Amino acid sequence: SYRHDIRIQDIVKDVDYEGGFSMIGSQLFGCGSQEEPSKLYFKYEGNPFVRAASDRFRFRSNIIRTEGARVAIYLQDDSIYHPKLDLRLIIPLQTVSLIRQNEGSAQTAIRNSFHNMEMYLEVIRWKLGEPQLRLGNLNLGGNSAVIFESDQYYRGERFSAIQGMSNTNPLFYLKQLSSSLDRREVSRSEVQHALRMSETATERFLLNMMVAGFVDYDTYTKTARIKEKTFEYINNADNKRDYDVIRFQSRIAQGDNARLSLLNYDLEINGIDQIAVSDSQKVAMFPYQRQITMQEGFDFKFDGIIQAGRFSYWGNQYYFNYDEFKVNMTNIDSMRFKVMSFETNSFGQRYLVNVKTTLQDLNGELFIDKPDNKSGRKTYHDYPIFVSGKESYVYYDRRDIFNHVYPKEEFFVELVPFTIDS
């Protein structure tokens, strides 16, 4: 076809096509170009839900496929996006697979702006019409971890790894280049001149920066856009802005690592043993059933155990509020804490021991740190702070106390609502 804007409604059920066509022998292709790619629109409840753009799609009677498609999955005003996914639509089964390869620029993280995270996984699967996406690895489990990482995640080790053996971190060169040109869009030749590299080395450098999430690089036009993450990392290293250290590592023996509901966009993640929320305040979470449910803006809910400094909380219906950096704790089964021992160890040091008394039947809020100090770059010794929301109780109906001689309904200690810091 001469035109690349031919639109065909329902080229297969619930899938629209826009682009051109070509034939090579008996094989039919949907064709486009870098400037005007061909597109597939996958519909959910009659509305475009997934958009895949590529310079060529291969059409067969039972499959449509392409390599290196730019894919966007629409979640209200946000999206899940990746610049280079392989697409497989099995027509008889009405299933589509979006595959992230582990080579070249395809290694770039999948960006999820609804949950404010970057996702390192191999495949997103969807049976057209079903109200959920399935996320994980190609072998449906195994030893490979799937990573879900806050888009504000930062570690000094990463910044150092980017610098390697160089005297100056290359992110500073990108920042200087952007400042000197007064724009974020730069050509490969401008980067080559600024970094004094060969053409081949510059190409490799930009691809590496793209995989790491610091630039968007178009290998066709040889232009790059320096992303905000570049400037954020520099300010993080200079201790000029706040960041976080939150990431979820999902490992499962079989099945899906995560499932995204299309009804409310909740993302249920499985296979999480532990979540380190704050290194400086020593706050960690251990979800029951190794499962959490992500909601908009990197909030999440779970049942399980929270360890915060000297205190531990067992319960359910916990809700982590990212912006306020606190946990709403609706139902705490028990709260336990540690104090310094009266005795000393062999080195003459006192150590932490568990208090036998357990507080039960309480709720409240756990303030992990100040909301603008998620990184712990400033020191606030009173955090974490727990504020109880109602009366709590100490019971003595345990078997080891005279074999249940004190029933909880008749003998207990009642505590009025309280606040306790670290």
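How many cavities of 30 Å³ or more does the structure hold? In this predicted model, there are 3 cavities of 30 Å³ or more.

**Cavity and pockets**

The largest cavity encloses about 80 Å³ of space. Its lining is made up of E118, E149, S150, D151, Q152, Y153, R158, K229, E232, Y233, N236 and R241. By class, the lining of the largest cavity has 2 nonpolar, 3 polar and 7 charged residues. Two elements, β14 and α5, each supply at least two residues of that lining. The largest share comes from α5, with 4 residues.

The largest pocket holds about 1100 Å³ of space. It is lined by 42 residues, of which Y81, P83, M210, D216 and Y217 are the closest to its centre. The second largest pocket holds about 260 Å³. Its lining counts 17 residues, and those closest to the centre are S280, Q281, Y383, P384 and S422.

The table sets out the make-up of the linings.

| Space | Nonpolar | Polar | Charged |
|---|---|---|---|
| Largest pocket | 14 residues | 12 residues | 16 residues |
| Second largest pocket | 5 residues | 8 residues | 4 residues |
| Largest cavity | 2 residues | 3 residues | 7 residues |

**Strands beside the largest cavity**

Two residues of the cavity lining, E118 and E149, are also bridge partners, with E149 belonging to β14. The strands concerned are β11 and β14 (residues 146–150), which pair in the antiparallel sense over 4 bridges. Strand β11 (residues 117–120) also pairs with β10 (residues 110–112), again in the antiparallel sense, over 3 bridges. In that pairing N112 stands opposite M117 of β11. The hairpin of β10 and β11 has 4 residues between the strands, and N116 takes a positive phi near 55° there.

**The sheet of β15, β16 and β17**

Which strands stand at the edges of this sheet? The sheet is open, has 3 strands in the order β15-β17-β16, and is paired in the antiparallel sense. Strands β15 (185–187) and β16 (215–218) are at the edges; each has a single partner strand, so one side of each lacks a neighbour in the sheet. From one strand to the next the twist averages 25°.

The pairing of β15 with β17 (residues 223–226) is antiparallel and runs over 3 bridges. Within it, E185 has R225 of β17 as its bridge partner. Helix α3 (residues 188–195) lies across β15 and β16, and runs at about 80° to β15. Two residues among those closest to the centre of the largest pocket are D216 and Y217, and the range of β16 is 215–218.

**K240**

Is K240 buried or exposed? The relative accessible area of K240 is 60%, and the cut-off for exposed is over 50%, so K240 is exposed. This residue is found in the loop between α5 (228–237) and β18 (247–250). Not counting residues up to four places away in sequence, K240 touches N235 and R377. Between the C-alpha atoms of K240 and F325 the separation is 19 Å, and the two residues are 85 residues apart along the chain.

The helix that precedes this loop, α5, is the element that gives the largest share of the lining of the largest cavity.

Technical notes. Residues are numbered from 1 along each chain as its sequence is written. This is a predicted model: local features need pLDDT of at least 70, side-chain atom pairs count only at pLDDT 80 or more; totals for chains, interfaces and linings use all residues. Side-chain values use heavy atoms; hydrogens and water are left out. Two strands pair if DSSP finds at least two bridges between them. Axes are lines fitted to C-alpha atoms, for helices over the stretch in contact, and angles run from 0 to 180 degrees between N-to-C directions. Contact means heavy atoms within 4.5 Å. On a 1 Å grid over the protein atoms alone, a cavity is a set of points where a 1.4 Å probe fits but cannot get out, and a pocket is an open set with protein on both sides within 12 Å along at least five of seven lines; lining residues have an atom within 4 Å of a point. Grid points are joined across faces, edges and corners, and a volume is the space filled by probe spheres set on the points. Ala, Val, Leu, Ile, Met, Phe, Trp, Tyr, Cys and Pro count as nonpolar, Asp, Glu, Lys and Arg as charged, and the others, Gly among them, as polar. Buried means under 20% relative accessible area, exposed over 50%, partly exposed in between (1.4 Å probe, protein chains only).
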